[in-house]
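Please open the structure in your viewer and keep the selection tool at hand, since this tour moves from one selection to the next and describes what is found at each stop.

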Amino acid sequence: MSQRRCSKSHDIARLVIIERSVTRTVAAREGDIGPGDAAWRVFLSIPAWTPAGWLFSGGFEEGGTIERGVFRFDGATIETVIDGSFAFAASSDEVGNAFLLLLDGVTRRLEVLKPDGSRLLVFDSADLLDGLETSIIGFGADAIDEGVVAFTANVRDPNDPAQPAVSVAYRAVISELVPCLGDVNGDGVADPFDLSSWILAFNNNGPACDQNGDGLCSASDFTSWIDNFNDGCP
């Protein structure tokens with residue numbers, strides 16, 4: 001996958017995608033008309049690359065106010081993904097799950113946007129601990145690995161304003177994103193039916209055959225499937 005980064009000018013807000021070949025693609029400029037026939041006014045966060053395109057946060061000016069949202073740029077068009085929230089941080093893993101830090105009013109949430117468009121709530125600052133106020137600070141791509149995301153948050157006791165906020169690191173395991181290699185037929189469980197599915201994958205050189213992650217489909221994957229079967233699913 002090509003390495004890409006985002007550049008922002010100081011004179012006018014614009015979202016620019018720069019390929020490794022130094023090809024510049026201007027996704028949107030301040031004042032351009034975007035989804036909903038309103039003009040772009042602000043772009044936030046570093047865009048996150050997914051197989052379906054770049055995810056980024058932005059806002060339109062409508063009636064003197066900024067209407068915010070999370071959007072996807074596929075190289076040609078921009079579509080609305082989440083309406084009403086800014087994502088102050090965004091990153092994605094190797095299979096296209098996007099991790100978004102959303103701000104909705106005073107509540108911050110950490111969510112996963114899956115490639116199929118469904119969303120998983122990882123953390124809600126309104127629900128943490130007994131009566132403590134929490135604001136999520138952020139996280140990075142290097143903190144995401146096979147369904148595990150590490151992030152930091154500021155925690156304070158509203159009943160003791162003299163005490164400063166404490167920065168706390170959290171590690172969340174998202175079981176829905178943890179691969180279950182033993183579940184070859186994808187029904188959510190590792191059971192004897194997966195043996196027939198693995199044999200079918202072996203005979204057809206299918207991707208589910210590779211149980212040991214060496215990039216090959218061979219007889220040694222059968223032993224690895226047994227180990228993965230015994231490990232079960234999260």
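In this predicted model, the count of salt bridges comes to three, and the tour visits each of them in turn. Side chains of opposite charge can pair when their charged atoms come close.

Select Arg72 and Glu79 to begin with, and show their side chains: the two form a salt bridge in which the closest N and O atoms are 2.9 Å apart. Which of these partners is buried and which is partly exposed? Arg72 counts as buried because its relative accessible area is 14%, under the 20% cut-off, whereas Glu79, with a relative accessible area of 42%, is partly exposed.

Next, select Arg109 and Glu111, whose side chains meet in a salt bridge with an N to O distance of 2.9 Å. Arg109 is buried, at a relative accessible area of 13%, and Glu111 is likewise buried, at 8%. Keep Glu111 selected and add Arg119, since Glu111 also forms a salt bridge with Arg119, the closest N and O atoms here being 2.8 Å apart. Arg119, with a relative accessible area of 39%, is partly exposed. With these three residues displayed together, you are looking at one network, in which Arg109, Glu111 and Arg119 are joined by salt bridges that share partners.

Now step back and colour the protein by secondary structure, which will show two helices and 15 strands. Of the 234 residues of the protein, 37% count as buried. If you turn on the surface, the accessible area comes to about 12,900 Å², and 51% of it belongs to carbon and sulfur atoms. Among the contacts between residues at least 6 apart in sequence, 34% join residues that are at least 24 apart.

From this overview, move to helix H2, residues 220-231. H2 has twelve residues and reaches 17 Å from its first C-alpha to its last, which is close to the 16 Å expected at 1.5 Å a residue. Which residues of H2 are buried? They are Asp221, Ser224, Trp225 and Asn228, and if you look down the axis of H2 you will find that these buried residues fall within an arc of 105 degrees, so they line one face of the helix. Show H1 as well, because what covers the buried residues of H2 includes H1. Just after H2, select Gly232, which takes a positive phi of about 70 degrees.

For the last stop, stay with the two helices and select Leu195, Ile199, Phe222 and Ile226, which form a nonpolar patch on the surface with about 280 Å² of accessible area together. The elements that give two or more residues to this patch are helix H1, residues 193-203, and helix H2. Centre the view on Phe222, which is found in helix H2. Is Phe222 buried, partly exposed or exposed? Its relative accessible area is 32%, so Phe222 is partly exposed, and this value also lies over the 30% that a patch residue needs.

Note on methods: Residues are numbered from 1 along each chain as its sequence is written. This is a predicted model: local features need pLDDT of at least 70, side-chain atom pairs count only at pLDDT 80 or more; totals for chains, interfaces and linings use all residues. Side-chain values use heavy atoms; hydrogens and water are left out. Patches are made of residues with over 30% relative accessible area and no salt bridge: like charges are joined within 9 Å, nonpolar side chains (Val, Leu, Ile, Met, Phe, Trp, Tyr) within 5 Å. Accessible areas come from the Shrake-Rupley method with a 1.4 Å probe; for residues, only the protein chains shown count as cover. A salt bridge is a side-chain nitrogen of Lys or Arg within 4 Å of a carboxyl oxygen of Asp or Glu. Helices (H or I, at least four residues) and strands (E, at least two) are DSSP runs, numbered from the N terminus. Buried means under 20% relative accessible area, exposed over 50%, partly exposed in between (1.4 Å probe, protein chains only). Contact means heavy atoms within 4.5 Å. The expected span of a helix is 1.5 Å times one less than its number of residues. The arc is that of the directions from the helix axis to the C-beta atoms.
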